[in-house]
Amino acid sequence: MPQPNDSASISTDSHSPPGKNPPGKNPHGNPRKAGSFLSNLGADLPASLVVFLVALPLSLGIAAASGAPVMAGLIAAAIGGIVAGSLGGSPLQVSGPAAGLTVVVAGLVDEFGWQVTCAITAGAGVVQLLLGISRVGRAALAVSPVVVKAMLAGIGITIILQQLHVLLGGQAAGSAVENLTALPVAITNVELHSALLGLAVVAILLAWKYLPTAVRKIPGPLAAVVAVTALSAAVAPSVERISFSGSLFDAVALPSLPDGNWRAAVMAVITVALIASIESLLSAVAVDKMHAGTRTNLNRELVGQGSANVVSGMLGGLPVTGVIVRSATNVEAGAASRTSAILHGVWVLVFSALFAGLIQLIPLSVLAGLLLVIGAKLIKVADIKTSLRTGDLLVYVVTLACVVVLNLLEGVIIGLALAALCVLWRVLRAQIHAHAPAGEGLPWRLMIEGSCSFFALPRLNRVLHSVPDGQDAVVELNADYLDHAFREALVAWQTQHRSSGASVVLEEHGTTAFTDAADNTPQRQDPREFPLPPRTSWQSSPLDGAHQEAHDDGGQLPLRSILLGIDKYHRRYADKVRPLVQDLTEGQNPDTLFVACVDSRVNPNLITSSGPGDLLTLRNIGNVVCPDGRDASIDSALAFAVKGLSVDSIVICGHSNCGAMKAVIADAEGAAAALGGGFDAWLEHARPSYRSLLDGHPVALAAEAEGYSRLDQLSMVNVAVQLQKLEEHPVTGPALTTGQVQATGLFYDICTARVVLVTPQGIEQLDPSMAVH
């Protein structure tokens, strides 16, 4: 059974996938799409009784904490169940008075009086109706979760400070600060019986989850209130109790308009409407995660909540919201439809009409103890830890403090403003650092990452001018956004720095191009998951786009050297690669042997999106497989892959414009290149592919129909022929026959950067956009 915490969940994660119930949830929590009232009644009736038993004491306690008539809580609970349950968009959410609005309502009652507060509640309902009709339900979720968490925690602290005075037998003040400063006096003047009764309720609620399952079938709040109320009749008959005159129907109070101060009243209407809407929608999202049935229609839910608040306000009830405690109880009790929520409201109405006298037996300190636990449950240590991990602790602390010290509306507004500023700071702040040379003759390195806009110009200029005149510099730019002002400042510094005799070189690694910021409207580019690019594309070039003319002693461009490439790998990628290879230190377990050509344009890991340890790669001229005994290197690789590593598959991958296939065609036409006898002997392994091409191999016919050149047709046929050789090889043949290993043929088309599947019967486009229509 859930612990007493009558507030909305602040989780906004995506809903659980249909067909799956989260662990620990009642499998019956699955609203049925269709079915008669009677077919669902077997599940809804007992669930409604359980929810009623949970809602009854909580509604009384929330009314007492709000400074409203006690019966106002029961009126709101009945209306929330019947009206919001009937008209709302969430099939299993239960609505009623919630702890999240106690502080606001208490302030309204103190400022305007109860009947005007009822009018404000009705007005907030009208606003919610308009929001629902306007279909802005999902927009209400565009609130930083950390602000909502801090708001609830601030409400919890305020409730605790308020109810401590009631528990001690005194009267609560109007604000949290006043309650805190008056606490020492309240402790000194404690009324012992009152305090002991309240603490008994707290003790029962804290210990309830440790009791046997059979006992815990009774809702903890109900058991605590009933047990301690019965105890008070015996040991403390004179303790102060709930008091009211008349019946439930006598408690119905028509609202009245404020006498002046309309601006404050309008702000109160908006405050109640926004808080009630956010709390209800977040609660509905949380409830959706507890079952696998129909998701909530958030706009319709706003209409239902607004309708309930209009009716509640017109009849003298507290504001209504969707509340997670009653809703979670409803799901776990096995409710099948909204009938359960409606019936729970009926039971509250019947009890309030027939047994209202029993309510006057409950001591105020008993409800205070219940509310202390509710308030404490609003303060979640997990939320604080999450905000610390995600860098939102400042927003959490400031929002909480402002809610407690100022008021709820101002605290939330300040929290949202601070959260927005934090987002701007994180999104717009570029990381700019300068690193002095690690050795003599090496350049300075300027690291620029993030969103490069005019906001970063002060820091950019400070870091750029920290590079001494005359010192060569390399700028490593990894930007997802780059505007003209930032580019202009960088180019201006480059011109100035080069005038001192130094060189300035740009290396780009981000998703935006430096040159695009010169004349185009800047825009954030989508991040791309992309492996290491070819070295020829990331070799350094000056900011003005000209090629560097300096040469090393060997006559090569120094920044094209392998050693400088390794240096760049160490600086930019080694730390990212290390976690991927740590588990591979003691051995490898690849699932595929990838046979590819030695051509430098073919990158097996690139075209298969694989990483270290995934592929065992065999590369040779023409991606060929030799018959057994013809080449020890190939034989040993096949044996090591199949028998030593137990790979699941073998891939033969050819490619377009293959030099080996060119040589085979040239040799057949009597124009072979003079590359030596060894090369000519190796081509013998590919010549059967040429003969198959001439004989009209099905792959050649399919490739010709797709518009591939004769050279590429040969490359594809060669892949098919090598697959056949695998079937005939003494190592791979038996493994293919038994299904231990599967063989696949691929063709990499360099000009389109697309991969084609090659089968013995033809070819198949793996990218639908490249298929012939």
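Accessible areas here come from the Shrake-Rupley method with a 1.4 Å probe, and for residues only the protein chains shown count as cover. This is a predicted model, in which local features need pLDDT of at least 70, side-chain atom pairs count only at pLDDT 80 or more, and totals for chains, interfaces and linings use all residues. Residues are numbered from 1 along each chain as its sequence is written, and side-chain values use heavy atoms, with hydrogens and water left out.

**Exercise 1. Describe the surface of the chain and one nonpolar patch on it.**

Begin with the total: the chain exposes about 35,700 Å², of which carbon and sulfur atoms supply 60%. Next, set this beside the interior, where buried residues (under 20% relative accessible area; exposed means over 50%, and partly exposed in between, with a 1.4 Å probe and protein chains only) make up 48% of the 773 residues. Then turn to the patch of about 480 Å² made by Val350, Leu354, Phe355, Leu358 and Leu361. Patches are made of residues with over 30% relative accessible area and no salt bridge, nonpolar side chains (Val, Leu, Ile, Met, Phe, Trp, Tyr) being joined within 5 Å and like charges within 9 Å; a salt bridge is a side-chain nitrogen of Lys or Arg within 4 Å of a carboxyl oxygen of Asp or Glu. Finally, Leu361 is partly exposed, at a relative accessible area of 47%, and is found in the loop between helix 16 (356–359) and helix 17 (364–378).

**Exercise 2. Classify the ring pair of Phe454 and Phe455.**

Rings of Phe, Tyr and Trp (its six-membered ring) pair if their centres lie within 6.5 Å, and planes under 30 degrees apart count as stacked, over 60 as edge-to-face and the rest as tilted. A search of the whole structure finds three aromatic pairs. In the pair of Phe454 and Phe455, the centres are 4.5 Å apart and the planes stand at 25°, so the pair is stacked. As for its surroundings, Phe455 is exposed, with a relative accessible area of 51%.

**Exercise 3. Place Ala720 and Thr732 and list what they touch.**

Helices (H or I, at least four residues) and strands (E, at least two) are DSSP runs numbered from the N terminus, and the chain has 33 helices and 13 strands. Ala720 lies in helix 32 (residues 710–728) and counts as buried at 8% relative accessibility. Contact means heavy atoms within 4.5 Å; leaving aside neighbours within four places in sequence, Ala720 is in contact with His697, Val699, Val758 and Thr759. Of these, Val758 is 38 residues from Ala720 along the chain, yet their C-alpha atoms are separated by 6.7 Å. Thr732, in helix 33 (residues 732–738), is buried at 1% relative accessibility, and touches Leu638, Val642, Ile650 and Leu726, not counting residues up to four places away in sequence.

**Exercise 4. Decide where the model calls for caution.**

The predictor's confidence in each residue, pLDDT, runs from 0 to 100. Its mean over the chain is 82, and 87% of the residues reach 70 or more. Over residues 1–35, however, pLDDT stays under 50, although the model has 111 contacts beyond four places in sequence for them. Residues 544–559 also have pLDDT below 50, and this stretch has 19 contacts in the model beyond near neighbours in sequence. Where pLDDT is low, the predicted coordinates should not be read in detail.
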